[in-house]
Amino acid sequence: MAPSHNPGKIDDAVVLRLFLALFGVVLGLALLKFPNPPVLEQLVTTPTGFWEWILTAWPARYGRGLLCVIGLIGIFLVRRPARLPLPLLLLPLAWLVWVTLSVVWTLNAKVSNPTWLHLVACVGCFYAGLLVLGRVSKPWPFFLGLIGAFVVVLAAGWQQRWGGLQESRVYFFTYIYPTLKEVSPDLLKKMNSDRIFATLFYPNSLAGALLLLTPVVLGAIAVAKNRITAGARWFLAGVVGLGALGCLVWSGSKGGWLIALFLSVIAMFRLPTSRRIKIMIASGFLVLGLTGFLARYLGFFQRGATSVVARADYARAAWLNIRDHPLLGSGPGTFATVYEAVKPPDAEMTRLVHNDYLQQASDSGILAGLLFTALVVGVLFKTRTAWASRDWLVFGTWLGLLGFAVQATLEFGFYIPATAWCWFALAGWLLAQAGLRFDNPNADT
């Protein structure tokens with residue numbers, strides 16, 4: 001292994017490899033054990049027995065602790081990529097500073113404090129991806145941990161679809177439900193539904209993980225030419241693609257279906273064929289995908305699309321809160337307090353806006369919302385040349401970041417440690433590759 005800087009320092013190379021492996025393992029662990037939003041952190045208890053540690057979610061503070069340990073290692077490995085504009089490098093810090101100010105005047109410190117810690121972890125993952133992970137163009141020790149966990153997520157989703165969901169429901173109501181002091185309505189709804197969620201918080205969170213990581217994993221398989229044979233790559237890509245497709249359909253995420261269709265059409269325009277054939281293939285796929293969508297969800301729209309109406313209510317409440325608290329918002333994670341005061345009497349309660357960009361503005365003020373949106377858009381814009389990269393891992397990462405960012409207009413994936421930490425780490429890594437220019441000569445690890 002030869003890192004991109006100081007190639008003669010063996011100790012640096014060993015520590016870098018260790019960092020990559022541990023970072024990938026922790027983010028993989030997040031996919032499996034840290035699915036709950038910080039606004040529910042007080043409801044997540046520490047497992048007490050072997051099987052509880054295996055089968056149930058863990059408090060997110062354990063994940064943040066692991067990230068701190070990794071951060072201590074990463075301090076000695078920091079390198080700044082060349083040719084990246086300083087404002088973009090400082091944007092996450094500016095956003096975090098403003099969010100920190102909003103914590104001081106929060107309406108509910110009990111939920112704002114863990115939410116702030118979660119956002120600090122997100123920014124930490126971004127800089128770890130940018131300044132350490134980004135040193136290497138193919139950080140295989142990192143991706144192996146992430147890919148391994150993603151495969152477990154897919155396996156859990158399939159297992160739920162074919163009997164495991166009922167078993168989980170029985171286990172929950174028999175052993176866990178009686179011990180809970182407070183139960184989230186979202187949790188009860190999830191446990192009574194036939195929509196799968198694998199190891200994530202709820203079905204739409206699973207869809208977010210699939211949108212983010214499926215292109216990344218497929219891209220990693222595509223570029224592993226020196227590690228596995230062509231036949232093995234096609235087989236693995238087929239297994240992952242089919243596994244992810246099944247999980248997406250069974251999650252019942254309507255927004256996830258449409259965004260996945262959009263991402264697939266984008267990917268088809270990279271096919272090595274004429275523009276006319278690309279348009280024909282993409283058009284046919286689009287028609288087929290939309291037909292399948294309507295066939296599956298026509299009844300949902302005939303019944304009035306209740307979740308769409310609910311999201312409109314959430315957005316209205318968020319805008320009212322932005323109007324009333326334009327400077328510093330009501331405090332990170334406090335939307336439940338705001339919504340409870342203005343929601344229609346028959347509306348279902350929620351703790352999050354189901355739109356991460358509005359959530360930021362409602363929680364921490366207009367400037368926080370603008371800074372957060374600028375960060376997400378800035379990363380995607382700066383790395384837009386990934387489209388022309390010959391590296392499928394680079395393209396797949398950009399595509400996954402884009403899909404997740406689009407879903408964030410409908411969901412709260414940036415408030416889920418399992419997916420948010422992955423997004424920020426991958427965004428930092430991809431941004432570093434843009435600073436070093438895509439297809440850079442950094443050695444694989």
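The following exercises concern salt bridges in a predicted model.

**Exercise 1.** Determine how many salt bridges a search of the whole structure finds, and establish which parts of the chain the pair Asp 12 and Arg 135 ties together.

*Solution.*
1. The search of the whole structure yields six salt bridges.
2. In one of them, the side chains of Asp 12 and Arg 135 meet at 3.0 Å, N to O. This value satisfies the criterion because a salt bridge requires the nitrogen to lie within 4 Å of the carboxyl oxygen.
3. Asp 12 belongs to helix H1 (residues 10-33), whereas Arg 135 is in the loop between helix H5 (109-131) and helix H6 (140-176); the pair therefore ties together parts 123 residues apart in sequence.
4. Both Asp 12 and Arg 135 are buried.

**Exercise 2.** Locate Asp 391 and Lys 138, and state whether they are buried or exposed.

*Solution.*
1. The side chains of Asp 391 and Lys 138 form a salt bridge of 2.3 Å, N to O.
2. Asp 391 is found in the loop between helix H15 (366-382) and helix H16 (392-407), and Lys 138 in the loop between H5 and H6, so parts 253 residues apart in sequence are tied together.
3. Asp 391 and Lys 138 are both buried.

**Exercise 3.** Identify the salt-bridge partner of Glu 411 and the relative accessible area of Glu 411.

*Solution.*
1. The partner is Arg 311, with the closest N and O atoms 2.2 Å apart.
2. Glu 411 lies in the loop between H16 and helix H17 (417-435), and Arg 311 in helix H12 (residues 306-324); the two are 100 residues apart.
3. The relative accessible area of Glu 411 is 5%, and Glu 411 is buried.

Definitions and conventions
Residues are numbered from 1 along each chain as its sequence is written. This is a predicted model: local features need pLDDT of at least 70, side-chain atom pairs count only at pLDDT 80 or more; totals for chains, interfaces and linings use all residues. Side-chain values use heavy atoms; hydrogens and water are left out. Helices (H or I, at least four residues) and strands (E, at least two) are DSSP runs, numbered from the N terminus. Buried means under 20% relative accessible area, exposed over 50%, partly exposed in between (1.4 Å probe, protein chains only).
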